[in-house]
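Please work through the following exercises with the sequence and the coordinates at hand. Each task is followed by a solution that goes step by step.

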Amino acid sequence: LPQLHSLFQQPAEKVAVGDESVWFYHRQPFGRVTYAVRIGPDNRVRGVEQRLVEENIKKIQGGKTTTSDVRALFGPPYFTAYLPLKKYDSWEYKFFPGHIYDWKVLYVQFSPDGLAQEVLFMDDPARNNLDNDNNNRLLP
């Protein structure tokens with residue numbers, strides 16, 4: 001698989017899922033996509049998918065989905081934080097679900113037992129700040 005390394009550099013993370021190895025490539029914090037390259041036991045690529053999509057967000061079930069499940073679905077989070085009042089770990093993923101100017105943020109919050117408790121999917125405030133900065137900058 002040296003071709004993948006020359007094309008994408010090193011994966012951000014490798015996760016074993018069933019009989020496959022999933023290699024995650026993302027461009028965060030600047031990019032808003034995460035590609036999952038599925039590698040079979042025969043070391044052949046089985047597929048390449050953009051994982052940060054609404055269809056996959058809907059797979060997260062409160063009280064059932066684990067940190068391992070989310071990691072296998074989306075790869076490593078862009079940012080993690082501990083919420084001391086709730087005693088939750090929060091994982092953040094930045095993405096755009098459609099148009100390049102439609103910036104979103106996904107937060108998945110986990111209780112101490114490692115189960116997803118809250119899934120927050122919202123507009124990215126960073127996009128709003130660009131719209132309001134009065135410097136007439138063009139977005140990428």
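**Confidence and ground rules**

In the protein, mean confidence falls to its lowest value, 56, in helix H1 (residues 2-8) and reaches its highest, 96, in strand E5 (residues 79-83); confidence here is pLDDT, the predictor's own score for each residue, from 0 to 100. Helices (H or I, at least four residues) and strands (E, at least two) are DSSP runs numbered from the N terminus. This is a predicted model, in which local features need pLDDT of at least 70 and side-chain atom pairs count only at pLDDT 80 or more, whereas totals for chains, interfaces and linings use all residues. Residues are numbered from 1 along each chain as its sequence is written, and side-chain values use heavy atoms, with hydrogens and water left out.

**Exercise 1. Describe the overall make-up of the protein.**

Step 1: the mean pLDDT of the protein is 84, and 79% of its residues reach 70 or more. Where pLDDT is low, the predicted coordinates should not be read in detail.

Step 2: the protein has four helices and eight strands, and from the N terminus on their order is α-β-β-β-β-α-α-β-β-β-β-α.

Step 3: of the 140 residues, 39% count as buried, where buried means under 20% relative accessible area, exposed over 50%, and partly exposed in between (1.4 Å probe, protein chains only).

**Exercise 2. Which residues of helix H3 (residues 67-74) are buried, and against which elements do they pack?**

Step 1: the buried residues of helix H3 are Val 70, Ala 72, Leu 73 and Phe 74.

Step 2: these buried residues pack, by contact (heavy atoms within 4.5 Å), against strands E1 (13-17), E2 (20-26), E3 (34-39), E6 (88-95) and E7, and against helix H2 (54-57).

Step 3: just after H3, Gly 75 takes a positive phi of about 80°.

**Exercise 3. Follow the side-chain contacts of Ser 111 and Asp 113, and state whether each residue is buried or exposed.**

Step 1: Ser 111 lies in the loop between strand E7 (104-110) and strand E8 (116-123), and Asp 113 is found in the loop between E7 and E8 as well.

Step 2: Ser 111 has a relative accessible area of 9% and is therefore buried, while Asp 113, at 54% relative accessibility, counts as exposed.

Step 3: a polar contact is a pair of N or O atoms within 3.5 Å; within protein, one must be able to donate a hydrogen and the other to accept it, and residues adjacent in sequence count only if both atoms are side-chain atoms. The side chains of Ser 111 and Asp 113 form such a contact at 2.3 Å, and the side chain of Ser 111 also has one with that of Gln 117, at 3.2 Å.

Step 4: a polar atom of the Asp 113 side chain lies 3.2 Å from the backbone nitrogen of Leu 115.

Step 5: leaving aside residues up to four places away in sequence, Ser 111 touches Lys 87, Tyr 88 and Gln 117.

**Exercise 4. Is Lys 94 buried or exposed, and which side chains does its own side chain meet in polar contacts?**

Step 1: Lys 94 lies in strand E6, and its relative accessible area is 11%, so Lys 94 counts as buried.

Step 2: the side chain of Lys 94 makes a polar contact of 3.5 Å with the side chain of Glu 92, and another of 3.2 Å with the side chain of Asp 124.
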